[in-house]
Amino acid sequence: MSPRDGETIQEPRRGRWRRAALAVFRKEMRETLRDRRTLIAAVVVPAIIMPLIVLAMPALARRQEAALRERPARVAVEGGDASGLAAAGFDERVFSIVSTASPRVALQRGEIDAVLIDDGGRSRPRKVTVLFDETRLVSRAAVEKVTRVAAKLALRELRAAASGRGLDPEQVVPVVVEPRPLASTRQAGGAVLGTALPFFLAVWLLLGGQYAALDVGVGERERGSLDALLVSPPPRGALVTGKFLAVLVPAVVAAVVMVAASLLSLWLGAWLLVDQAVPTLPAGVAAQLLFVAVALGAFLSAVQVVLSLGARSLREAQQAFTGLYLLVALPVMLVPLLDDGGDRAWIPLVPVLNAGLAFQNVLAGRASAVGLGITVATLVLAAASVLVLGARILEARRLPNP
């Protein structure tokens with residue numbers, strides 16, 4: 001048989017497979033569009049919540065930061081005058097001195113933010129210990145304020161000692177550290193946005209296709225229409241692919257609505273809130289987010305379809321989906337903790353975790369084309385592997401022709 005004859009025989013098979021997949025896809029999409037729950041989850045809810053996320057969260061973060069910066073730290077002193085540190089902080093209106101019989105107990109109760117413990121001059125240089133509660137943000141901020149006041153006090157005393165000995169104070173002081181943030185306020189707001197938007201993108205890629213996934217698998221099984229499809233000639237791979245596409249479309253729509261709503265909200269926020277710093281989301285960044293989101297949506301949609309096809313009842317499928325939500329949410333929530341390990345070579349090869357890290361890197365401006373390419377390729381290959389599993393599940397359920 002010549003190669004051309006082989007092509008003539010194989011092409012109709014491919015055509016039949018493609019037509020079967022598209023037929024299943026069109027059928028499932030008609031059912032999906034009739035389901036108001038899918039439209040609400042994929043379009044309405046993301047359009048409502050995204051303005052709250054992209055505008056309210058950075059504003060609340062800035063408000064909390066300003067409150068911590070402006071409010072004097074509540075400080076108690078134990079064992080002496082703490083080398084004048086408490087008085088210096090009080091004079092600069094950075095400290096609020098609190099008198100209490102049990103400073104350490106008051107710190108544990110949250111009544112004060114820090115305790116200054118003076119060693120009474122038993123050591124040289126004189127030592128002041130700062131007790132704080134690491135579980136409270138306001139207490140950690142108090143330590144920073146104490147450190148700044150201590151540095152200013154030490155510098156002032158050093159200059160006074162140099163002047164008393166007839167020395168030039170500026171020649172005695174070796175170096176003065178002046179912190180100055182590089183990122184603008186808008187960029188800082190974008191960093192805050194990067195801690196929340198990846199989580200909502202991942203979760204809504206699941207929620208957007210959730211009802212469609214339940215319907216194309218266990219829903220059809222309970223209605224009896226799945227058995228009718230299994231008796232028909234279309235290949236199992238074509239059936240799974242058509243159902244997968246019907247789940248992927250609303251998931252991608254949800255991601256598009258979320259990114260578009262974010263862009264619109266930030267644009268309106270910059271226009272209406274001219275006296276406030278509003279994070280920015282350039283069109284190129286939005287396109288990169290969608291690029292990764294589509295790949296992540298493909299993997300999650302494939303998993304949802306297979307879970308729905310393999311479930312014996314609607315309740316069992318819903319329980320499986322609940323576990324899937326946890327398996328997706330946990331890695332994405334861990335992404336902010338990977339600042340020191342985000343460059344490890346294995347992370348782009350772990351589905352979901354790689355997408356969460358890619359989202360964060362894109363929003364922070366650290367994403368590379370190679371890293372995004374590896375992430376997307378890994379997610380697509382993982383989705384294809386899951387779909388093969390789904391075809392095998394349907395093949396195992398093959399029914400005899402009547």
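**Exercise 1. The phenylalanine pair**

Is Phe199 buried, partly exposed or exposed in this predicted model?

*Solution.* Start with the relative accessible area of Phe199, which is 27%. Buried means under 20% and exposed means over 50%. Phe199 is therefore partly exposed. Next take Phe200, at 22% relative accessibility. Phe200 also counts as partly exposed. Now look for aromatic pairs: the whole structure holds 1. The ring centres of Phe199 and Phe200 are 5.6 Å apart, and their planes stand at 85°. Planes over 60 degrees apart count as edge-to-face, so this pair is edge-to-face.

**Exercise 2. Salt bridges across the chain**

Which residue forms a salt bridge with Arg74, and which parts of the structure does the pair tie together?

*Solution.* The partner of Arg74 is Asp113, with the closest N and O atoms 3.0 Å apart. Place both residues. Arg74 sits in strand β1 (residues 73-78), and Asp113 in the loop between α4 and β3 (114-118), so the pair ties together parts that are 39 residues apart in sequence. Check exposure. Arg74 is partly exposed at 26%, whereas Asp113 is buried at 0%.

Turn to Glu78, which forms a salt bridge with Arg104; the closest N and O atoms are 3.0 Å apart. This pair links strand β1 to helix α4, 26 residues apart. Glu78 is partly exposed at 22%, and Arg104 is partly exposed at 43%.

Then take Glu92 and Lys152, whose closest N and O atoms are 3.7 Å apart. Glu92 lies in the loop between α3 (85-91) and β2 (95-97), and Lys152 in helix α5, 60 residues apart. Glu92 is partly exposed at 31%. Lys152 is partly exposed at 46%. Last, salt bridges that share partners join Arg71, Arg74, Asp113 and Arg136 into one network. The count of salt bridges comes to 7.

**Exercise 3. Around Ala106**

Where does Ala106 lie, and is Ala106 buried or exposed?

*Solution.* Ala106 belongs to helix α4 (residues 103-109). Its relative accessible area is 2%. The limit for buried is under 20%, so Ala106 is buried. Leave aside neighbours within four places in sequence: Ala106 contacts Thr100, Glu111 and Ile112. Ala76 is 30 residues away along the chain, with 9.0 Å between the two C-alpha atoms.

**Exercise 4. The second largest pocket**

Which element gives the most to the lining of the second largest pocket?

*Solution.* The lining includes Glu65, Arg69, Leu137 and Arg148. Elements giving two or more residues are α2 (36-70) and α5 (137-164). Helix α5 gives the most, with 6 residues. Sort the lining by type: 3 nonpolar, no polar and 6 charged. The pocket holds about 330 Å³ of space.

Definitions and conventions
Residues numbered from 1 in each chain as written. Predicted model: local features only at pLDDT ≥ 70, side-chain atom pairs only at ≥ 80, totals over all residues. Heavy atoms only, no water. 1 Å grid on protein atoms, 1.4 Å probe; cavity = no way out; pocket = protein on both sides within 12 Å on 5 of 7 lines; lining within 4 Å. Points joined across faces, edges and corners; volume = space filled by probe spheres on them. Helix = DSSP H or I, 4+ residues; strand = E, 2+ residues; numbered from the N terminus. Nonpolar A, V, L, I, M, F, W, Y, C, P; charged D, E, K, R; others polar. Phe/Tyr/Trp six-rings, centres within 6.5 Å; stacked < 30°, edge-to-face > 60°. Buried < 20%, exposed > 50% of the residue type's maximum accessible area, 1.4 Å probe, protein only. Contact = heavy atoms within 4.5 Å. Salt bridge = Lys/Arg side-chain N within 4 Å of Asp/Glu carboxyl O.
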